[in-house]
Amino acid sequence: MLAVSCQLLAFSFWGFLRKRAISYQLVAISFGGVGGFLRKRAISYQLVAISSLLSGCGVYSFSGTNIDPAVRTFSIATIQNNTPQGPAYLTQRFTEDLKDYFQQNTKLKIVPRDGDLQFEGSIVAFDFAPASIQQVDGVDQAGSNRLTIQVRVRFTNTKDDKQSFEQIFQNFDDFPASRNIATINSDPNAVRTTTTKIITDIFNKSVANW
C-alpha cells in the first residue's frame, strides 16, 4: 500500500513539474532576450520531473524492478540438474547465468548464503521430442524438434514473505529436424537460448512482479 501511495505521489509531482516546464518553454519562445535563461529553467524542471517519476519512493529502476530499499543482498544456491538428460555443464552454467543476470540488472550485492532474497531449486525436466509431424513420400517425419526445459525455483524474500513463492518455470526452443539432442547438447549457445528465457521469467517474477 505504501509503495502504491508513493507511486501516485510521484506521478502527481511529475505532472506538476512537467506543466511548469512547459510554461517556461512557452514564455521562452515569447521573449527573445531572456529566452535562453527560461529555456534552461524549463529543462531543469523536466529533469526533476523525470527523476521524481523514476525514483518512485526508491523502489523503481530503469530495469523495471520493484525492490524494497531494505533489500540489499541476494543468494543463489546451486541449481542442480535432477534429470538424466542435458549437458554436463548445465548445472554450473544455469546457476552462474542466473547470478550474472541479477548482478547486471539490479544493484543488489551477491552473498554466498542467507541473502535478503534467496533462490534455490533444480532442473526437473530436459525433454527433446518432435514438435511437428509432416508426411514425406507417405512417411511421417518430424518437421522440427523441440527442447523443453523446466526449472523448479523456491524464492524467499526475507523482508516480505508475501513475495515468496515456489514455482516451476518452463520454456522451449524448436530446432530443425536434422539436429539431434547430441548436437544441441554440444552447442552451449543452443541450450543457453532456452535457459536465458527461463532466467528472465524468474527475474520478472521475483523482483519485477510481472
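How many salt bridges does the structure hold? The count is seven, and several of them appear in the close-up views below. Please keep in mind that this is a predicted model.

**Figure 1. The protein chain as a whole, to help you find your way.** Five helices and six strands make up the secondary structure of the protein chain. Followed along the sequence, they come in the order α-α-β-β-α-β-β-β-β-α-α. Of the 210 residues in the protein chain, 34% are buried. Among contacts with a separation of 6 or more, 66% are between residues 24 or more positions apart.

**Figure 2. Glu 96 and Lys 99 form a salt bridge inside helix H3.** Let us start with a local pair. The closest N and O atoms of Glu 96 and Lys 99 are 3.7 Å apart. Both residues belong to helix H3, which covers residues 90-105. They are three residues apart, or about one turn of the helix. Glu 96 has a relative accessible area of 34%, so this residue is classed as partly exposed.

**Figure 3. Arg 146 forms a salt bridge with Asp 174.** Here the closest N and O atoms are 2.6 Å apart. The pair links distant parts of the chain, with Arg 146 in strand S5 (residues 139-157) and Asp 174 in strand S6 (residues 165-176), 28 residues apart. Are these two residues buried or partly exposed? Arg 146 is partly exposed, with a relative accessible area of 30%, and Asp 174 is partly exposed too, at 39%. Do look at the aromatic ring in this view as well: Arg 146 lies over the face of Phe 172, at 4.0 Å from the ring centre.

**Figure 4. Arg 154 takes part in a network of salt bridges with Glu 120 and Glu 166.** In the salt bridge between Arg 154 and Glu 166, the closest N and O atoms are 3.5 Å apart. This pair also links distant parts of the chain: Arg 154 sits in strand S5 and Glu 166 in strand S6, 12 residues apart. Arg 154 has 37% relative accessibility and therefore counts as partly exposed. Glu 166, with a relative accessible area of 44%, is partly exposed as well.

**Figure 5. The largest nonpolar core has 30 residues.** Which residues have the most contacts inside this core? They are Phe 94, Leu 98, Leu 117, Phe 119, Ile 149, Val 151 and Ile 202. Two or more residues each come from strand S1 (73-76), H3, strand S4 (117-136), S5, S6 and helix H5 (188-208). H5 provides the largest share of this core, seven residues. Leu 98 is a good place to zoom in: leaving aside its neighbours within four places in sequence, Leu 98 is in contact with Ile 76, Ile 79, Ile 199 and Ile 202.

**Figure 6. Eight residues form one aromatic cluster: Phe 74, Tyr 101, Phe 102, Phe 119, Phe 155, Phe 165, Phe 169 and Phe 203.** The structure holds seven aromatic pairs. In general, a pair of aromatic rings is described by the distance of the centres and the angle of the planes. Phe 165, one of the residues in the cluster, has a charged partner too: the charged end of Lys 205 sits over the ring of Phe 165, 5.4 Å from its centre.

**Figure 7. Strand S1 runs parallel to strand S3.** Two bridges join S1 to S3, which covers residues 109-110. The bridge partner of Phe 74 in S3 is Ile 110. Which residues point each way from S1? Thr 73 and Ser 75 point one way, while Phe 74 and Ile 76 point the other way. All four are buried.

**Figure 8. Thr 194 is a buried residue of helix H5.** The relative accessible area of Thr 194 is 0%, below the 20% cut-off, so this threonine counts as buried. What surrounds Thr 194? Leaving aside its neighbours within four places in sequence, Thr 194 is in contact with Leu 147, Ile 149, Asn 171, Phe 172 and Asp 173. Leu 147 lies 47 residues from Thr 194 along the chain, yet their C-alpha atoms are separated by 8.0 Å.

Conventions
Residues numbered from 1 in each chain as written. Predicted model: local features only at pLDDT ≥ 70, side-chain atom pairs only at ≥ 80, totals over all residues. Heavy atoms only, no water. Salt bridge = Lys/Arg side-chain N within 4 Å of Asp/Glu carboxyl O. Buried < 20%, exposed > 50% of the residue type's maximum accessible area, 1.4 Å probe, protein only. Core = buried A, V, L, I, M, F, W, Y, C linked by side-chain atoms within 4.5 Å. Contact = heavy atoms within 4.5 Å. Phe/Tyr/Trp six-rings, centres within 6.5 Å; stacked < 30°, edge-to-face > 60°. Lys NZ or Arg CZ within 6 Å of the ring centre and 35° of its normal. Pairing = 2+ DSSP bridges.
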